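Please keep the sequence and the structure open while going through these notes. They cover a pocket first, then a helix pair.

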Amino acid sequence: MSLPSLASEPRSRAMAPAQRLAPAQRLAKALPPPQGLLLDAMGTLIGLRQSVGHTYAGLAAEHGLSVDAAAIDAVFPRIHRQAPPLAFPGLDSAALEAAERQWWAERIAAALAAAGLEEPLPPALADDLFDRFAQADLWRVYDDVAAALERWHRHGLGLAVVSNFDSRLIGLLRDLGLADWISVVVVSSAAGAAKPDPAPFALALSKLGLSPAQAWHVGDSPEDELGAQAAGLPCVRIRRI
């Protein structure tokens, strides 16, 4: 499913499998064209080339640990869903990165334990995995993204990414060739709040110099819809297949 075409008229091409507009998309269709777009990152602009379990198991093996990739993939969504928000109010620079690394170290340890790993986690493994997921070759840009961003940028829309991720996203967007079109990147870890909290949306709008009435949000999750609604934004929700 492709990103919506928004530059020339207020409509969405983000269709459900039956080609029916979801309620949020019907709302967006009735609105005037936006002056800016807030865009989710993971699952909307970019995705992993291989599963989390595949990467976790591969690096664990380099540290002498045997754990099944499929078992990790089976438990990881629950571990991630039950985690506290990836958000650290008042932190920046080295303190922020340390908090991000610790948050992910706890998720990694929990996922590997739930997947059956009984050995203690080597201290370096969590850091190695954190660094590995900062490397662009692990990620892919969805096929429709570059053309959509270029088109929106050419039509003068302000573009911001609002993501429940951490500071690594800034380098990833640069290394994946998307940074030239995106003027603002708001990650939950640095914003101190995560979607569906409206605060990251408000921060992105402030940096773009726009009001909620002048922008739409494009994302793929319930948190995107709920957060946009709380911030006063229409949300076009897409479903990657």
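1. The lining of the largest pocket divides into 22 nonpolar, seven polar and seven charged residues. Keep in mind that this is a predicted model.

2. The volume of this largest pocket is about 1200 Å³. Its lining is made up of 36 residues. Look for M42, F76, H80, W104 and N164, which are the closest to the pocket's centre.

3. Which elements give two or more residues to the lining of the largest pocket? One is a strand, β2 (46–48). The others are helices: α2 (52–62), α3 (69–81), α4 (93–114), α5 (123–132) and α10 (222–231). The most comes from α3, with four residues.

4. Now the helix pair. Both α2 and α5 are on the list of elements that give two or more residues to the pocket lining. They also pack with each other, at an angle of about 135°. Their axes lie 10 Å apart. The angle falls outside the ranges for roughly parallel, roughly antiparallel and roughly perpendicular, so α2 counts as oblique to α5. The crossing of the two helices is right-handed.

5. Which residues meet where α2 and α5 pack? From α2 come T55, Y56, L59 and A60. From α5 come L125, D128, L129 and R132. By class, this contact has five nonpolar residues, one polar and two charged. The polar one is T55. The charged ones are D128 and R132.

Definitions and conventions:
Residues are numbered from 1 along each chain as its sequence is written. This is a predicted model: local features need pLDDT of at least 70, side-chain atom pairs count only at pLDDT 80 or more; totals for chains, interfaces and linings use all residues. Side-chain values use heavy atoms; hydrogens and water are left out. On a 1 Å grid over the protein atoms alone, a cavity is a set of points where a 1.4 Å probe fits but cannot get out, and a pocket is an open set with protein on both sides within 12 Å along at least five of seven lines; lining residues have an atom within 4 Å of a point. Grid points are joined across faces, edges and corners, and a volume is the space filled by probe spheres set on the points. Axes are lines fitted to C-alpha atoms, for helices over the stretch in contact, and angles run from 0 to 180 degrees between N-to-C directions. Angles under 35 degrees count as roughly parallel, over 145 as roughly antiparallel, 65 to 115 as roughly perpendicular and the rest as oblique. A crossing is left-handed if the near helix is turned anticlockwise from the far one by less than a right angle, and right-handed if clockwise. Contact means heavy atoms within 4.5 Å.
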